[in-house]
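Open the model in your viewer and keep the selection panel at hand. The tour goes stop by stop.

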Amino acid sequence: MERIKTIRHLNDRHHFTLVCQNFAQLGQFVHIDNDVFRAIKASTPGSYTFILPATKEVPRQLLNAKKKTVGVRIPDHVVTQALLAELGEPLLSSTLLLPDEEEPMTQGWEIKDRLDHVVDAVVDSGDCGTEPTTVIDFSNGEAEIVRKGAGDVSRFE
């Protein structure tokens with residue numbers, strides 16, 4: 001987390017996301033009632049990040065300090081799913097938007113060229129696009145659309 005903060009020049013208030021392989025893993029880190037579970041289950045895996053109340057399993061540094069929430073997602077990308085299966089635990093995630101840049105970095109060759117000296121490895125899985133995930137905040141029990149992105153928001157409106 002500290003290395004990501006350094007690379008992106010982030011402060012301690014930046015929100016990271018836990019990228020989970022499946023619902024079993026996600027359930028370890030967030031409190032989720034039946035209605036919210038059904039809404040999220042219908043949208044995952046996919047291009048959504050959900051903000052939910054965190055369990056005690058979530059490190060304090062990842063929590064929204066005031067709301068005690070954390071962002072979680074279950075991606076549908078085959079390479080990410082393979083990494084998560086191999087690791088057996090979530091990945092910490094943040095968009096790779098460097099300081100003073102308008103667009104996030106998404107090309108493996110470019111990331112390696114610019115950041116090889118500060119990262120351990122770069123996995124190039126092809127073009128992932130630049131459209132961010134759709135962010136839905138369920139911290140109050142109701143869906144609040146925080147950001148419209150790649151995921152369809154119609155089921156949450």
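This is a predicted model. Start by selecting G71. Apart from neighbours within four places in sequence, G71 is in contact with F16, T17, L18, T49, F50 and I51. Show those residues together with G71. G71 itself sits in strand 3, residues 69-73. Is G71 buried or exposed? Its relative accessible area is 9%. The cut-off for buried is under 20%, so G71 counts as buried.

Stay on G71 and add P53. Draw a C-alpha to C-alpha distance between the two: it reads 8.9 Å. In sequence, G71 and P53 are 18 residues apart.

**Aromatic rings**

F50, one of the contacts of G71, leads to the next stop. The structure holds 6 aromatic pairs. One of them joins Y48 and F50. How is a pair of aromatic rings described? By the distance of the centres and the angle of the planes. For Y48 and F50, the centres are 5.8 Å apart and the planes differ by 15 degrees. This pair is stacked.

Now colour the two residues by accessibility. Y48 is buried, at 6% relative accessibility. F50 is buried too, at 1%. Add F138 and F156 to the selection. Ring pairs link these two with Y48 and F50 into a cluster.

**A cis peptide bond**

Move to P45. Which loop holds P45? It is the one between helix 3 (34-41) and strand 2 (48-53). Select T44 as well and look at the bond between them. The peptide bond from T44 to P45 is cis. Its omega is near -5 degrees.

**Two positive phi values**

Next, select H9. This residue lies in the loop between helix 1 (2-8) and strand 1 (17-19). Check its backbone: phi is near 60 degrees, a positive value, and H9 is not a glycine. On the surface view, H9 is exposed, with 62% relative accessible area.

Finish at D100. Where is D100 found? Look in the loop between strand 4 (91-93) and helix 5 (108-115). D100 also has a positive phi, about 65 degrees, without being a glycine. Is D100 buried or exposed? Its relative accessibility is 80%. Exposed means over 50%, so D100 counts as exposed.

For a last view, show H9 and D100 together with G71. H9 and D100 are exposed, whereas G71 is buried.

Notes: Residues are numbered from 1 along each chain as its sequence is written. This is a predicted model: local features need pLDDT of at least 70, side-chain atom pairs count only at pLDDT 80 or more; totals for chains, interfaces and linings use all residues. Side-chain values use heavy atoms; hydrogens and water are left out. Helices (H or I, at least four residues) and strands (E, at least two) are DSSP runs, numbered from the N terminus. Buried means under 20% relative accessible area, exposed over 50%, partly exposed in between (1.4 Å probe, protein chains only). Contact means heavy atoms within 4.5 Å. Rings of Phe, Tyr and Trp (its six-membered ring) pair if their centres lie within 6.5 Å; planes under 30 degrees apart count as stacked, over 60 as edge-to-face and the rest as tilted.
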